Amino acid sequence: MRRVGVMGGTFDPVHHGHLVAASEAAHRCNLDEVLFVPAGQPWQKSDRVVTAAEDRYLMTVIATTDDPRFSVSRVDIDRPGPTYTVDTLRDLTSYYAAAGIEASLFFITGADALAEIASWYESADLLALAHFIAVTRPGHVLVDPGFSAESVTFIEIPALDVSSTDCRARVAEGAPIRYLVPEGVREYIAKRNLYVRAES
Ligand code: ATP
Ligand code: MG
């Protein structure tokens with residue numbers, strides 16, 4: 001049985017907080033791999049313009065190239081319409097079944113995302129599709145969603161107080177993002193001129 005971590009996110013841009021969360025979840029929960037899954041059209045963020053999916057996808061690929069445990073899935077960006085986690089998990093389940101690989105999915109989320117679980121579409125189905133790994137995130141209280149112990153594992157990870165919102169704001173005001181994001185991601189942002197206009 002392959003233990004597959006699923007790290008969903010907008011990754012606008014991907015930063016070291018995401019990478020540490022995935023790495024620690026893999027280590028602590030004995031995951032064979034972690035799939036980063038950039039969201040297509042994130043319905044939670046309809047209040048702001050989200051960077052083109054291809055740019056977010058490429059930044060995620062750049063950020064994960066050197067870690068053999070990490071790869072990036074296009075399932076959410078190739079599916080039309082808003083991204084729902086239940087669809088992500090269904091599509092990945094079908095993908096592994098079609099490939100003849102027995103896989104169990106572990107959905108990795110930060111404290112803030114976990115807090116939204118109750119509001120997620122078909123949350124009962126979510127629990128049937130994956131085990132949840134909830135990681136600490138600075139500035140967010142890790143609340144027990146009331147899931148049974150078999151459904152969620154809470155892990156404490158080295159705290160990196162970095163967010164994509166902060167990275168975007170920094171670029172917009174000319175502050176450095178070096179060391180907050182992988183170097184290749186920083187270069188990609190500069191080359192493509194992303195985030196130069198302030199949009200939180
Ligand atoms: P934004 O500020 O645009 O919301 P973000 O930094 O929260 O971006 P997302 O793409 O929304 O990044 O997050 C994807 C996942 O990564 C979520 O589960 C989130 O909780 C988690 N995450 C983000 N930043 C951190 C961090 N610094 N430490 C731990 N987990 C994090
Ligand atoms: Mg977020």
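Which residue stands opposite Ser104 in E4? Hold on to that one, and we'll get there in a moment. Hello everyone, and thanks for coming. One thing to say early: what you have in front of you is a predicted model.

Let's begin with the strands. E4 covers residues 103-110, and six of its eight residues are buried, so the rest of the structure largely encloses this strand. E4 has a partner in E1, residues 2-9; the two run parallel and are joined by six bridges. And here is the answer to my opening question: Arg3 is the residue that stands opposite Ser104 in E4. E4 also pairs with E5, residues 131-135, again in parallel, this time through five bridges. There, Gly110 stands opposite Val135 in E5.

Now please find helix H1, residues 16-28. How far apart should the ends of its 13 residues be, at 1.5 Å a residue? The expected span is 18 Å, and the end C-alpha atoms are indeed 18 Å apart, so the two agree. Several residues of H1 are buried: Gly17, His18, Leu19, Ala21, Ala22, Ala25 and Ala26. After the helix comes Asn30, which has a positive phi, near 50 degrees.

Next, a single residue that I'd like you to zoom in on: Ser73. You'll find Ser73 in the loop between strand E3 (70-72) and helix H3 (75-78). Is Ser73 buried or exposed? Its relative accessible area is 9%, which is under the 20% cut-off, so Ser73 counts as buried. A polar atom of the Ser73 side chain lies 3.1 Å from the backbone nitrogen of Val75. If we set aside neighbours within four places in sequence, the residues in contact with Ser73 are Leu35, Phe36, Val37, Pro38 and Leu92.

Our last stop is helix H8, residues 183-192. Which residues are buried here? They are Val185, Tyr188 and Ile189. These three cover an arc of only 100 degrees around the axis, which means they sit on the same side of H8. There is a general reason to expect this kind of pattern: an α-helix has 3.6 residues a turn, so residues three or four places apart point the same way. What covers the buried residues of H8? Helix H2 (53-64) and helix H7 (164-173) are included in that cover. Turn to the face of H8 that points away from the buried side, and you meet the exposed residues Ala190 and Lys191. Just past H8 sits Asn193, with a positive phi, near 60 degrees.

That's my tour. Thank you for listening!

Note on methods
Residues numbered from 1 in each chain as written. Chains lettered and ligands numbered in written order. Predicted model: local features only at pLDDT ≥ 70, side-chain atom pairs only at ≥ 80, totals over all residues. Heavy atoms only, no water. Helix = DSSP H or I, 4+ residues; strand = E, 2+ residues; numbered from the N terminus. Expected span 1.5 Å × (residues − 1). Buried < 20%, exposed > 50% of the residue type's maximum accessible area, 1.4 Å probe, protein only. Polar contact = N/O pair within 3.5 Å; in protein donor to acceptor, adjacent residues only side chain to side chain. Contact = heavy atoms within 4.5 Å. Pairing = 2+ DSSP bridges. Arc of directions from axis to C-beta.
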